[in-house]
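Please open the model in your viewer and keep the sequence panel beside it, since the tour moves from one selection to the next.

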Amino acid sequence: MKFDYFAPRSRKRPRGAIPVGRRGYRAGWVVPRAHRSDAADDDEPRRWHGAEPIFLPGIAKAGLPSFRTDIARSRQLYRTVLADGDCSSRLLRAPFRNRLQTKFELLGTVNHENDPQEIITLEFDGLRRGRIDAEDLWCKISWLSFEPGDASLRFRFSFGLVHYENVAADLARQQYSAKLTEALFPESALITRNRRLLSRLRQIVGRPDLAFVERIVYFNAPRGGAEFHQDVERGHLGVVYAQVTGRTFWLALAKEQLIRALRDFSYTPDWAEAVTRLPASGQQLTKVVRNARRCNALLDAHDRNDDLLAIINRTPQWNRYLIEQGHGYLLQPGDALLLPQHDVDRCAWHSVFCPDEQPGEGLSFALRSIA
Ligand SMILES: [Fe+2]
């Protein structure tokens, strides 16, 4: 999408400019410029294979009115978690009890002390004809950050041991936890039973056998969101994110584009200025980002890339650069963004900002082939 960008302290920004910032960091303001076309584009399969994000404006919009009540209940569930740090007792009452009945049994709640972002995990068994058919299903509710003022949280649905299990190898349980998402958040169907989206995805990905697994329902609170990251997971092809309520502003691009953009940005005066704010060791960064192989490796080196992350997450001039290069996306209710995640070298990196004064809901489902 095309935007006009205004610096954080700009006095000239027009009315209706959208603030881009996150947890005290102000990246600037944007005003959407171009007309949004929702027509399919022949270039999409090439973009998919190149791991570039694909914007699908309005693709889930027609379904929104039929889920109005469910969406309002989901918001109440989010508020219950904020107020009580738990929502399990709410699930024992209508309408949740009826939706779970015969299909899932809520076993109880656990807190994992080794996970400081976790608020609570709800544990379930999957039932078939009254008998247990899938064990160890869970919905993990976590904060998105440690910032005291950030009320962003997510409901993540999966099963088994986090980080230890190859979840893609157990399609049956993956599909049980996918169904559990639909029992708690029926508006998931905005993605999963959206014919227009499904046929577009099949066309883009070039496969007929797609399923939505490892589902996450986000509630992005004002000034919350996510810093730059990718979502590569074994056995998954990518992620579909759909905006249900509120708006999110994204910076998203293929890793290869990110590496190229960093190299080009490193020749600008804005880079020189950004680097002066880094510790002395940060001066080496210029050399690294001008070497594609080293830059690629540094993006993945979670234990030693703080300086690089400081540049890509907290430098308004870099954000302006990406926005002017066409890597910004404003998602409104009914819009979706497809983020290819082929492998660590071919994946869409993305960063999310929440411009509204109210929390908004978003669905983020992994895409896999079930062949
Ligand atoms: Fe992500």
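Begin by selecting S9 and S16, two strands that run antiparallel and are joined by 9 bridges; strands here are DSSP runs of type E with at least two residues, helices are runs of H or I with at least four, and both are numbered from the N terminus. Two strands are said to pair if DSSP finds at least two bridges between them. Within this pairing, Val-213 stands opposite Ala-366 in S16.

Before going further, note that this is a predicted model, in which local features need pLDDT of at least 70 and side-chain atom pairs count only at pLDDT 80 or more, while totals for chains, interfaces and linings use all residues. Residues are numbered from 1 along each chain as its sequence is written.

**The whole chain**

Zoom out to the full protein, whose secondary structure comes to 13 helices and 16 strands. The C-alpha trace spans about 65 × 45 × 45 Å along its principal axes. For 371 residues a compact globule would have a radius of gyration near 21 Å, and the 21 Å of the protein agrees with that; the radius is taken over C-alpha atoms, and the globule rule is 2.2 Å times the number of residues to the power 0.38. Of the 371 residues, 41% are buried, a residue being buried if 20 or more other C-beta atoms, placed from the backbone, lie within 10 Å of its own. Among contacts with a separation of 6 or more, 71% are between residues 24 or more positions apart, a contact meaning that the two C-beta atoms, placed from the backbone, lie within 7 Å.

**S16, S11 and S14**

Return to S16 (residues 360-369), which is largely enclosed by the rest of the structure, because 9 of its 10 residues are buried. Add strand S11 (residues 238-243), which pairs with S16 in the antiparallel sense over 6 bridges. Two bridge partners can be picked out here: Val-240 with Phe-365 in S16, and Gln-243 with Gly-362 in S16. Now add strand S14 (residues 336-343), which S11 pairs with over 5 bridges, also in the antiparallel sense, and in which Ala-336 stands opposite Ala-242.

Which residues of S11 lie on one side, and which on the other? Gly-238, Val-240 and Ala-242 are on one side and Val-239, Tyr-241 and Gln-243 on the other, and all of them are buried, leaving both faces covered.

Select Val-240 by itself next: not counting residues up to four places away in sequence, Val-240 touches Ile-191, Ala-336, Leu-338, Phe-365 and Leu-367. Val-240 is also one of the residues that touch the most other members in the largest nonpolar core, a group of 98 residues, together with Leu-180, Ile-191, Ala-242, Ala-336 and Leu-337. Such a core is a set of buried Ala, Val, Leu, Ile, Met, Phe, Trp, Tyr and Cys residues joined through C-beta atoms within 7 Å.

**Helix H5**

From Leu-180, extend the selection to helix H5 (residues 171-184), whose 14 residues reach 20 Å from first C-alpha to last, close to the 20 Å expected at 1.5 Å a residue; that expected span is 1.5 Å times one less than the number of residues. The buried residues of H5 include Tyr-176, Leu-180 and Leu-184. Its buried residues pack against H4, S9 and strands S5 (104-110), S6 (118-128), S7 (131-143) and S8 (153-159).

**Backbone details**

Go back to strand S9 (residues 210-220) and pick Glu-214, which lies within it. Its phi is near 40 degrees, a positive value in a residue other than glycine, and Glu-214 is buried, with 24 other C-beta atoms within 10 Å. Then move to Arg-223, in the loop between S9 and strand S10 (225-229), where phi is near 65 degrees, again positive in a residue other than glycine. Arg-223 counts as buried, with 23 C-beta neighbours inside 10 Å.

Another stop is Pro-95, in the loop between helix H3 (88-91) and helix H4 (96-100); the peptide bond from Ala-94 to Pro-95 is cis, with omega near 0 degrees.

**The three-stranded sheet**

Finally, select the 3 strands that form an open, antiparallel sheet in the order S1-S3-S2. Its edge strands, each pairing on one side only, are S1 (3-6) and S2 (18-22). S2 is joined to S3 (residues 25-32) by 5 bridges, and the bridge partner of Ile-18 in S3 is Val-30.

Notes
Buried ≥ 20, exposed ≤ 12 C-beta atoms within 10 Å, placed from the backbone.
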